[in-house]
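User: I am new to this structure and would appreciate a guided reading. Please begin with how surface area is treated, and then with the area that is exposed.

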Amino acid sequence: MTVLSTLGPLLLALLLGYWINVPPLTQSRVSTLLSQLTYLILSLIGFSLGALDNFAEKLVTAGAQAVIFLVIICLFSLTALYLSGRYLIPSTQESMQESITKSEHTTSRIISWAIFHEAGKTLAWVISGGILGYFFSGFATHIDSLVMLLLYVLLFLIGCQLRQGNYRLRKLFLNSQGLIIAAVTIFSTLLAGLIAALIIGLPWQHGLAVVSGFGWYSLSGILITGLGNPVLGTTAFLLDLSREILALMLIPIFAKINTHLSIGFSGATAMDFTLPMLSKFHNSHVIPICIASGFIMSLLTPILIPLFLEM
């Protein structure tokens with residue numbers, strides 16, 4: 001399968017969702033469908049993984065790989081983002097660093113518990129699918145094809161969600177700080193993925209694909225599994241889920257240092273899930289930067305993952 005035949009339909013599904021307005025697909029319905037479809041696909045990923053020979057061994061392998069990727073990403077990305085925030089941030093932006101009040105600590109705890117609850121629910125779907133796959137492995141024949149079909153629907157809905165968010169590409173790509181943060185995060189993350197792949201002994205293309213979710217765990221694992229590699233997809237899922245949880249826990253600390261650290265390490269989620277935390281610990285001027293940076297990484301995820309896997 002060539003890069004074009006893999007990437008083309010996936011990108012087309014995303015763009016069709018962005019370009020075409022389907023009146024019955026309101027913002028609330030798209031959000032609900034995305035949530036339900038994500039859980040369904042994650043359970044199918046678990047089923048596909050559970051049906052593999054030596055399931056427990058491969059799950060441990062995926063978990064160990066995710067830990068190594070996460071450690072190296074933290075080392076490379078946080079260093080790069082700290083330096084870019086120190087030397088590339090305008091002086092007018094430096095005044096945006098705000099002290100954390102007692103009430104903000106309370107908000108931090110509430111949101112942190114919320115992400116742990118969401119993470120637990122997500123893992124429960126994957127584990128449930130894995131258990132079913134282990135006991136009913138004979139039904140796994142067409143799971144990969146079904147996941148791929150649902151993946152097209154998922155990307156179409158993601159395109160709808162991006163359009164409904166009124167994100168204007170020209171305005172987002174003209175946000176200099178958003179572009180800088182996205183560029184630094186993408187480059188340092190890909191470099192970390194390359195180094196981690198060499199350490200683990202994975203093909204360099206697989207290392208780059210695993211880290212190209214930039215924290216978007218509900219897509220990266222699904223996309224890689226749909227492209228035929230459930231173990232690598234599980235690694236990506238665990239990596240990005242851990243990164244999102246870690247980002248939410250560390251935003252209050254990073255916000256005291258500079259905006260590049262807090263926004264950049266949030267990755268693709270800076271435009272949605274971690275945005276409330278980021279706006280809470282910075283002033284409101286940071287929101288366009290968050291959306292621009294997160295959007296660029298979100299746009300690149302469904303492009304880079306199939307691109308690297310098919311190289």
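Analyst: Accessible areas come from the Shrake-Rupley method with a 1.4 Å probe, and for residues only the protein chains shown count as cover. The model is predicted, so local features need pLDDT of at least 70 and side-chain atom pairs pLDDT 80 or more, whereas totals for chains, interfaces and linings use all residues. Residues are numbered from 1 along each chain as its sequence is written, and side-chain values use heavy atoms, without hydrogens or water. Carbon and sulfur atoms supply 69% of the exposed area of the protein, which is about 13900 Å².

User: How many helices does the protein have?

Analyst: Helices (DSSP runs of H or I, at least four residues) and strands (E, at least two) are numbered from the N terminus. Along the sequence the pattern reads α-α-α-α-α-α-α-α-α-α-α-α-α-α. The count of strands is zero, and that of helices is 14.

User: What percentage of the residues is buried?

Analyst: Buried stands for under 20% relative accessible area, exposed for over 50%, and partly exposed for values in between (1.4 Å probe, protein chains only). The protein has 311 residues, and the buried share is 52%.

User: What share of the contacts in the protein with a separation of 6 or more joins residues 24 or more positions apart?

Analyst: A contact is a pair with heavy atoms within 4.5 Å. Among contacts in the protein with a separation of 6 or more, the share from residues 24 or more positions apart is 85%.

User: Is Gln65 buried or exposed?

Analyst: Gln65 belongs to helix α3, residues 55–87. Residues up to four places away in sequence aside, Gln65 touches Ile200, Leu202 and Thr235. Because its relative accessibility is 11%, Gln65 counts as buried.

User: How far apart in space are Ile181 and Gly264, C-alpha to C-alpha?

Analyst: Ile181 sits in helix α8, residues 176–200, and counts as buried because its relative accessibility is 0%. With neighbours within four places in sequence left aside, its contacts are Leu81, Thr259, His260, Ile263, Gly264, Ile289 and Ser293. Ile181 and Gly264 lie 83 residues apart along the chain, yet their C-alpha atoms are separated by 5.7 Å.

User: Is Phe156 buried or partly exposed?

Analyst: Phe156 is placed in helix α6, and its C-alpha lies 10.0 Å from that of Val30, 126 residues away in sequence. Not counting residues up to four places away, Phe156 touches Ala13, Leu16, Gly17, Val22 and Leu25. Because its relative accessibility is 21%, Phe156 counts as partly exposed.

User: Which helix gives the most to the lining of the largest cavity?

Analyst: On a 1 Å grid over the protein atoms alone, a cavity is a set of points where a 1.4 Å probe fits but cannot get out, and lining residues have an atom within 4 Å of a point. The search of the whole structure finds one cavity of 30 Å³ or more; the largest cavity measures about 40 Å³ and is lined by Leu42, Ile45, Val126, Gly221, Gly233, Thr234 and Phe237. Two or more lining residues come from each of α2 (27–50) and α11 (230–254). With three residues, the helix that gives the most is α11.

User: Which helix gives the most to the lining of the largest pocket?

Analyst: A pocket is an open set of points with protein on both sides within 12 Å along at least five of seven lines; points are joined across faces, edges and corners, and volume is the space filled by probe spheres set on them. The largest pocket holds about 780 Å³ and has 28 lining residues, with Leu34, Gln161, Trp216, Ser218 and Asp272 nearest its centre. At least two lining residues come from each of α2, α5, α6 and α10 (217–226). With seven residues, the greatest contributor is α2.

User: Why is α10 largely enclosed by the rest of the structure, and which residue with a positive phi follows α10?

Analyst: Helix α10 is largely enclosed because ten of its ten residues are buried. Among them are Tyr217, Ser218, Gly221 and Gly226. With a positive phi near 105 degrees, the residue that follows α10 is Gly228.

User: What is the phi of Phe214?

Analyst: Phe214 lies in the loop between α9 (204–211) and α10, and counts as buried because its relative accessibility is 0%. Most residues other than glycine have a negative phi. Phe214, a residue other than glycine, has a positive phi, near 50 degrees.
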